[in-house]
Amino acid sequence: MLLGLAALWGASFMFIKVGDRQLHPITLVGFRMALGALTLVVVKIGVRRALRELRAAARPLVVTGLLNSAIPIFAISWAETRIDSGLTAIIQASAPLFAALLALRFSRDERVSGSRLGGLIVGLAGVALLVGAQPRGQILAGLAVVFAAVCYAAAALYTGRRLRHTSPLLTSAGAHLVPVFALFYCAVLLGEPVTAAGVGGLALVLAGVALGSGALRLGRARRATVVGG
């Protein structure tokens with residue numbers, strides 16, 4: 001199921017690139033958000049239930065909608081008018097890194113240290129490599145994707161406080177997989193180049209996310225000592 005979700009989510013970057021050829025980013029984002037909202041409300045949730053839950057939690061839902069959908073998707077759609085969609089997917093995969101970075105200040109439960117802190121530094125170095133390797137006129141587009149990743153990270157921490165079901169960093173770690181599919185789609189179907197900087201940056205970002213989220217740990221785990229007979 002996780003692979004299937006990553007395959008679908010990874011394809012979104014390719015379709016954004018295709019949509020940008022015909023539509024303004026604002027139009028593209030507006031249509032995408034409206035279609036998604038109507039589908040969820042009418043088909044899955046129901047109009048009455050949606051209105052009831054909206055009244056009960058209007059403010060956090062609006063904040064989450066802005067941080068987790070409207071703002072970052074517009075930033076990504078605008079960026080893809082200037083940079084490749086595969087590169088966009090790789091940079092956007094840094095969202096868990098920024099979630100860990102924000103957690104250092106805003107969430108004691110999610111603070112990182114040791115190898116996780118090292119992973120955070122490695123991943124951010126990968127982001128810097130990806131953005132810095134762009135031509136001068138495209139650096140702003142790369143930074144727009146970084147801003148989108150920060151928005152996703154902030155949304156994860158915000159909803160983690162309001163909806164304390166799972167760790168936002170652990171949930172975000174499922175996005176290891178998205179840029180890999182996105183890079184494949186964009187190279188095979190759109191003919192975008194796969195550069196050494198892109199592959200190196202992807203490796204650094206994924207390694208940083210794996211370490212920073214705790215999915216991968218360095219060193220051997222301590223063996224438990226049995227006390228008594």
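pLDDT is the predictor's confidence in each residue, on a scale from 0 to 100. I start my notes there, since the model I have open is a predicted one.

**Confidence along the chain**

I looked up residues 220–229 and found that pLDDT stays under 50 throughout, and that the model gives this stretch 0 contacts beyond four places in sequence. For the protein chain I noted an average pLDDT of 77, with 78% of the residues scoring at least 70. Residues 165–174 also have pLDDT below 50, yet in the model this stretch has 15 contacts beyond near neighbours in sequence. I keep in mind that where pLDDT is low, the predicted coordinates should not be read in detail.

**D20**

I then turned to D20, which belongs to helix α1, spanning residues 2–20. How far away is the nearest side chain of opposite charge? That side chain is K17, at 6.3 Å, and D20 is buried without a salt bridge. Setting aside neighbours within four places in sequence, I listed P25, L28, S77, E80 and T81 as the residues in contact with D20.

**V205**

My last entry concerns V205, a residue of helix α11, which covers residues 196–212. Why does V205 count as buried? Its relative accessibility is 0%, and buried means under 20%. Beyond its neighbours within four places in sequence, V205 is in contact with I90, A93, S94, L97, G123, G126, V127 and L130. I also checked V205 against G119, which lies 86 residues apart from V205 along the chain, and found their C-alpha atoms separated by 8.8 Å.

Definitions and conventions. Residues numbered from 1 in each chain as written. Predicted model: local features only at pLDDT ≥ 70, side-chain atom pairs only at ≥ 80, totals over all residues. Heavy atoms only, no water. Helix = DSSP H or I, 4+ residues; strand = E, 2+ residues; numbered from the N terminus. Buried < 20%, exposed > 50% of the residue type's maximum accessible area, 1.4 Å probe, protein only. Lys, Arg positive; Asp, Glu negative; His and termini not counted. Salt bridge = Lys/Arg side-chain N within 4 Å of Asp/Glu carboxyl O. Contact = heavy atoms within 4.5 Å.
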